[in-house]
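Colleague: I should like to learn how to read the features of a protein model. May we go through them one at a time?

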Amino acid sequence: MTKQDIPRNSSIDRRTVLGLLSGGLATLAGCSGGLFDDSGGDGGSASPPEEQSDYIEETSIEIVENGRQLALEVAVTDEIEPSSVSLITESGREFSSDYFSSGETRIRLSLTEGEDSNEPLPRGQHTLYLRGDGVETKLPLELGTTFEFEETVPGTEHKNIRDDSLGVVVRNVGQRTGAATRTILNGENKDSDPFEPIEPGETGIVEFTFLLANGSHCVKVEETTVREEELTVGFLWSDPVIVTQPIKYTDRFDSTGNGCKRTLAGEPERVTTTPRKTETET
């Protein structure tokens, strides 16, 4: 992708900035570790890039104006004359690149590809390649974190979701910021607010809208019917969280014969998944 794909102006949703300097993008210019690294360690915040590179002044991952694309913003010092920055995947593929205009010190690189799918850069150990007048530097960039399932919560018990929705609470147990990207109900994609950030050690709630709404998607029942609904939460640079939640359908009116009233009917159960492979492992 070129710079025409990622806007350079200020029309960015600042409420969903990911990877801030306090811990988002780490270990540039030859140091180990990296962005959203969940490989362990002492749990301390990594040094910001400007403390590790003679050329990088600031970095952040941001949500672009349409809410479905990610961009890595890189700012360099005004002591050099940069020409371009490329993002190279761990397999050696150029994922995105852009050129600095004369006098420009800030640039954005796309972290998603595909006009409709907006697939993010796969997790793994990637490289930023900075070129300029007398400058040619490769900077390590690592992606990866881990989310765990905490609980399911009906909307009537949580102020941030609709009363007729079901929330899945997840915790970021990695060392870097991550984000929920989509919800899947019984194998079908559902509408969701993409790229909602969750900081390391924090929990977030992901909404499955209308899952507990009465009067819609009724099922034929005699008295009660319990169905196992499979709920999947997808993330950036993390394996999905998948749980099954029993939902009880009961008659809304005695004469209907249809189960139109929905309530939780038991504890959720997590489904074990195969860890997602990095780009070089696929």
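Modeller: Let us begin with one residue, Arg123, which lies in the loop between β7 (119-120) and β8 (124-132). Helices (H or I, at least four residues) and strands (E, at least two) are DSSP runs, numbered from the N terminus. This is a predicted model, in which local features need pLDDT of at least 70 and side-chain atom pairs count only at pLDDT 80 or more, while totals for chains, interfaces and linings use all residues. Residues are numbered from 1 along each chain as its sequence is written, and side-chain values use heavy atoms, with hydrogens and water left out.

Colleague: Is Arg123 buried or exposed?

Modeller: Buried means under 20% relative accessible area, exposed over 50%, and partly exposed in between (1.4 Å probe, protein chains only). Arg123 is buried because its relative accessible area is 13%. Arg123 and Glu142 are 19 residues apart in sequence, and their C-alpha atoms are 7.1 Å apart in space.

Colleague: How many helices and strands does the protein have, and what percentage of its residues is buried?

Modeller: The protein has zero helices and 20 strands. Of its 282 residues, 48% are buried.

Colleague: How should I read the contacts across the protein?

Modeller: Contact means heavy atoms within 4.5 Å. Among contacts between residues at least 6 apart in sequence, 62% join residues at least 24 apart. Val241, in strand β18, offers a case to study. Val241 counts as buried because its relative accessible area is 0%. Leaving aside neighbours within four places in sequence, Val241 touches several residues, including Phe147, Val170, Leu231 and Arg270. Val241 and Val170 are 71 residues apart in sequence and 8.1 Å apart in space, C-alpha to C-alpha.

Colleague: How do strands come together in a sheet?

Modeller: Strands of a sheet pair through backbone hydrogen bonds, either parallel or antiparallel. Here two strands pair if DSSP finds at least two bridges between them. One open sheet has three strands in the order β1-β2-β5, with antiparallel pairing. Its edge strands are β1 (56-63) and β5 (106-110), each of which pairs on one side only. Neighbouring strands of this sheet are turned by 20° against each other on average, direction ignored. For such angles, axes are lines fitted to C-alpha atoms, for helices over the stretch in contact, and angles run from 0 to 180 degrees between N-to-C directions.

Colleague: How many bridges join β2 to β5?

Modeller: Five bridges join β5 to the antiparallel strand β2 (residues 70-76). Ala75 stands opposite Arg106 in β5, and Leu72 stands opposite Leu109 in β5. Four of the five residues of β5 are buried, so that the strand is mostly covered.

Colleague: Which strands stand at the edges of the sheet that contains β10, β11 and β15?

Modeller: Three strands form this open sheet in the order β10-β11-β15, and the pairing is antiparallel. β10 (147-154) and β15 (203-208) are the edge strands; each has a single partner strand, so one side of each is left without a neighbour in the sheet. The average turn between neighbouring strands here is 25°, direction ignored. Seven bridges join β10 to the antiparallel strand β11 (residues 166-172). Phe147 has Asn172 in β11 as its bridge partner.

Colleague: What should I look for in the phi angle?

Modeller: Most residues other than glycine have a negative phi, and most peptide bonds are trans. Asn186 has a positive phi, near 50°, and is placed in the loop between β12 (178-185) and β13. Asn186 counts as partly exposed because its relative accessibility is 39%. Trp237 also has a positive phi, near 55°, and is found in the loop between β17 and β18 (238-251). Trp237 counts as buried because its relative accessibility is 2%.

Colleague: Which residues are the closest to the centre of the second largest pocket?

Modeller: On a 1 Å grid over the protein atoms alone, a pocket is an open set of points where a 1.4 Å probe fits, with protein on both sides within 12 Å along at least five of seven lines; lining residues have an atom within 4 Å of a point. The second largest pocket is lined by 14 residues, and the closest to its centre are Leu185, Lys190, Leu211, His217 and Arg262. The largest share of this lining, three residues, comes from β13.
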